[in-house]
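Reader: I am new to this structure. Please take a close look at one part, a pocket, and follow its lining into the rest of the model.

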Amino acid sequence: MASTQGVVPITREFLASYYDKHPFAPLSDDVVRLSSEIRSMASDLLNSSPPSQEEILLIEEADRDPVHKIDENLWKNREHMEEILYLLDRSHWPQALQSSTSEDSELATVLVKIKDLFQKSFKNLVAFQAKNSERVFNTVMTYMPQDFRGTLIRQQKERSEKNKQATVDALVSSGASIRARYALLWEQQMERRRQLAQLGSATGVYKTLVKYLVGVPQVLLDFVRTINDDDGPMEEQRKRYGPPLYHLTAMILFIRLFLSLLWGRYETSKLKTDQVTVLNRAVDVYALEFERFVAFISEVFADSPFFISAEVAGALQGRNNDDFKETTVLAGKTHEVSLEVDAINSYIAWEFSLVQGTVNLDIGFSVEYMDAFGNKTLILPYMRYGSDQGNFCTVQAGNYKLIWDNSYSSFFKKVLRYKVDCIPPVVEPEKSKNEVDTKLEG
């Protein structure tokens, strides 16, 4: 049993420091471009015939932003992959395509290829989820008593998981849809999370049993109670690594929507060669970027601890209380900070960066001066930065404006972390007449 002496659960400040060392390289620009093209192709298919009730549900999901949770998005990617694999099974192709002519042969070849890509991505994701779940459980168990109590906990987990799998199997046997199965799988995932939170929040007799009979250390109870809070440690993970995953979730949903609509309209809406090319390229890009994301996140998760020393937690908390502010600059918008400077020779200083995980890590920045009559003078010309720090000495009193500009972006918001200071001039104390006379005499 690993010791919990002098340790506390990981904090959001710690994860911020840890994730600073693990930036995720931005997704290819092709993700947004091809997603838009696939969504447009899906819209074109709707012109031939109105959507069915099932298609309406899929369209509504495609028109919503993905939920902002890492694990739920991974489950949604897995669901969409399985739905696509179902469509790509040759027995589920449109009848006209199953007996493909030379006219359809190019599409048939592409479908076989993209099915292989999705099968590979699906297997990688299932393996990652299983491995990560086992890693979390085994890490927790290192802090549990290594005697019959630990054995009982493992046996209880195995029984619980068998019961959950039996429920899923029964649902499948009843002929339920893939959508219904994944709704159940996600509900089971949330139930695991609720049970952990309830365990950590146990009070009275139950808490005594948990802590002393079962042998769960208090620090572990604190960990499972707070780890998934909306503003808890995992929020830092969602902020850093969520945006690229959300784009990939949208991309695979658009691909699924397009294929679903195409299958229902294939007799009247056969694809053109350029559309087949877009579909092929979109799946290539998705598979490559999703595999890169899963490999990256797997490595980051594997090395991230659950507990840190109280001293480290305190130091990090103090370090982060350093007057930095954080704001979201929406696509097409700017963020401005105005400083009213009363004296010349003041110093205006700034430091800023974009939060890692933000798509397209740069933002425009400039500084301008405005006098009492509204005349503007550019102090620092516009340039795009991922981060910057600098300062200048004012030569005039008045209003100085620092501007972060995201107006060039059509889609992506930027999460900006910044600090601005106006430091008044240092005035030398006046020397007394006696001090001056002494120097002159010397």
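Author: Helices (H or I, at least four residues) and strands (E, at least two) are DSSP runs, numbered from the N terminus. This is a predicted model, where local features need pLDDT of at least 70 and side-chain atom pairs pLDDT 80 or more, while totals for chains, interfaces and linings use all residues. Residues are numbered from 1 along each chain as its sequence is written, and side-chain values use heavy atoms, without hydrogens and water.

The second largest pocket (an open set of 1 Å grid points where a 1.4 Å probe fits, with protein on both sides within 12 Å along at least five of seven lines) holds about 920 Å³, the space filled by probe spheres on points joined across faces, edges and corners. Its lining (residues with an atom within 4 Å of a point) has 28 residues, and D65, H68, Y246, H247 and K413 are the closest to the centre. At least two lining residues each come from helix 2 (30-45), helix 3 (53-63), helix 11 (233-265) and strand 3 (325-329). Helix 11 gives the most, eight residues. By class, 12 lining residues are nonpolar, six polar and 10 charged (Asp, Glu, Lys, Arg).

Helix 11 also serves the largest nonpolar core (buried nonpolar residues other than Pro, under 20% relative accessible area with a 1.4 Å probe, joined through side-chain atoms within 4.5 Å). That core has 72 residues, and F118, I255, F258 and L259 have the most contacts inside it. Helix 11 supplies its largest share, 15 residues. Beyond neighbours within four places in sequence, L259 is in contact (heavy atoms within 4.5 Å) with I84, L87, L88, L111 and L279.

Terms used. Buried < 20%, exposed > 50% of the residue type's maximum accessible area, 1.4 Å probe, protein only.
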